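Open the model in your viewer and keep the selection panel at hand. The tour goes stop by stop.

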Amino acid sequence: MTMSPVIKGHLYMLASQIVGAFMMLAMHKSVHFMSPQAVAMFRSLFGWPMIAGLAFAATGKQDIRRIVRVSWTRATMALTGIYLNQILVIAALSMVTPTTASLFINFIPLYTALFAVILKLERMTASKALGMFLCIGGALYIVDPTKATINGGIVCLLFNTLAFSIFVIVQRMYESDEHPLILSANVSTLGMPLFV
C-alpha cells in the first residue's frame with residue numbers, strides 16, 4: 001500500500017513536532033548546567049550529521065559541494081534560522097517555562113504570514129486573518145495576560161520568532177528551488193561556526 005504525499009507530509013510534520021517537544025524539555029533542563037551558547041552548539045553538532053545524512057539519503061546525490069555552498073541568502077539564513085533562532089530560544093528557556101516557549105514559537109507563522117503579505121508574496125485572506133486571530137488569542141488565553149509579565153525570556157522569544165520568520169521568507173524568496181534537506185544541511189553547516 002502506498003501512502004499519499006499529503007499523508008506522508010503530515011506524518012513528517014507530526015514526527016518533527018514530537019521531536020521538537022522533547023528537545024524543548026531537554027534544552028530547558030540543559031540551560032541550568034551549560035550556557036545557552038553551549039547548548040546550541042551541542043544541538044547543532046549532534047543534529048548536523050542527521051540532517052546531512054537525511055539530505056544524502058533523500059536526494060541520492062552525494063555531492064558535498066551542495067552542502068557547503070555559500071551565498072548571501074544562505075549566510076542570512078544561517079544567521080537567522082540557525083544561530084539567532086537557537087540562541088534566543090535556549091536563552092529564553094533559562095527564564096520561562098517550556099510551555100510558554102512553545103506557545104510563543106507558534107507566532108512564527110503569524111510573523112511569516114505578515115511579512116509575506118507586506119512583501120506581496122501572498123495575499124491576505126479571511127482564513128489567514130482568522131488563523132492569526134486564533135494564534136494570538138490562543139496564546140493569550142493560555143498565558144493569561146492579566147498575570148503575565150514581560151521579562152527577558154519573553155523578549156528573547158519574540159525576537160526568536162522574528163528571526164525564524166526572516167529565515168522562512170528568505171528561503172521562500174531566494175532558495176525555493178533547492179531540496180529542503182540539502183538546504184537545511186547547507187545552512188546548518190554555515191551556522192555551526194557562529195556558535196564557537
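Angles between helices under 35 degrees count as roughly parallel, over 145 as roughly antiparallel, 65 to 115 as roughly perpendicular, and the rest as oblique. The model is predicted: local features need pLDDT of at least 70, side-chain atom pairs count only at pLDDT 80 or more, and totals for chains, interfaces and linings use all residues. Residues are numbered from 1 along each chain as its sequence is written, and side-chain values use heavy atoms, with hydrogens and water left out.

**Whole chain**

Colour by secondary structure. The chain has 8 helices and 0 strands (DSSP runs numbered from the N terminus: helices are H or I, at least four residues; strands are E, at least two). Of the 196 residues, 36% count as buried (buried is under 20% relative accessible area, exposed over 50%, partly exposed in between, with a 1.4 Å probe and protein chains only). Take the contacts between residues at least 6 apart in sequence: 86% of them join residues at least 24 apart. Contact means heavy atoms within 4.5 Å.

**Helix 2 and helix 8**

Select residues 36–59, helix 2, and residues 180–191, helix 8. The two pack at an angle of about 150°, with axes 8 Å apart. Axes are lines fitted to C-alpha atoms, for helices over the stretch in contact, and angles run from 0 to 180 degrees between N-to-C directions. Helix 2 and helix 8 are therefore roughly antiparallel. Their crossing is left-handed (the near helix is turned anticlockwise from the far one by less than a right angle; clockwise would be right-handed).

Show side chains next. Helix 2 residues in the contact include Trp48, Ile51 and Leu54, and among those of helix 8 are Leu181, Ile182 and Ser188. By class, this contact has 9 nonpolar, 4 polar and no charged residues. Here Ala, Val, Leu, Ile, Met, Phe, Trp, Tyr, Cys and Pro count as nonpolar, Asp, Glu, Lys and Arg as charged, and the others, Gly among them, as polar.

Now pick Thr59, in helix 2. What does Thr59 contact, leaving aside neighbours within four places in sequence? His179 and Ile182. The C-alpha atoms of Thr59 and Ile182 are separated by 8.1 Å, though their positions lie 123 residues apart along the chain, counted as places apart.

**Helix 3 and helix 7**

Move to helix 3 (72–93) and helix 7 (152–174). They pack at about 160°, axes 8 Å apart. Helix 3 and helix 7 are therefore roughly antiparallel, and the crossing is left-handed. Helix 3 contributes Trp72, Met77 and Leu84, among others, while helix 7 residues include Leu157, Phe164 and Tyr174. The contact divides into 16 nonpolar, 8 polar and no charged residues.

**The largest nonpolar core**

Select Ile90, Leu157 and Val187. Of the 33 residues in the largest nonpolar core, these three touch the most other members. Such a core is a set of buried Ala, Val, Leu, Ile, Met, Phe, Trp, Tyr and Cys residues joined through side-chain atoms within 4.5 Å. Helix 3 gives the most to this core, with 11 residues. Centre on Val187: beyond neighbours within four places in sequence, Val187 contacts Arg74, Met77, Ala78, Ile82 and Phe167.

**Gln86**

Last stop: Gln86, in helix 3. Is Gln86 buried or exposed? Gln86 is buried, with a relative accessible area of 6%. Not counting residues up to four places away in sequence, Gln86 touches Ala40, Arg43, Ser44 and Phe195. Val39 is 47 residues from Gln86 along the chain, and their C-alpha atoms are separated by 8.9 Å.
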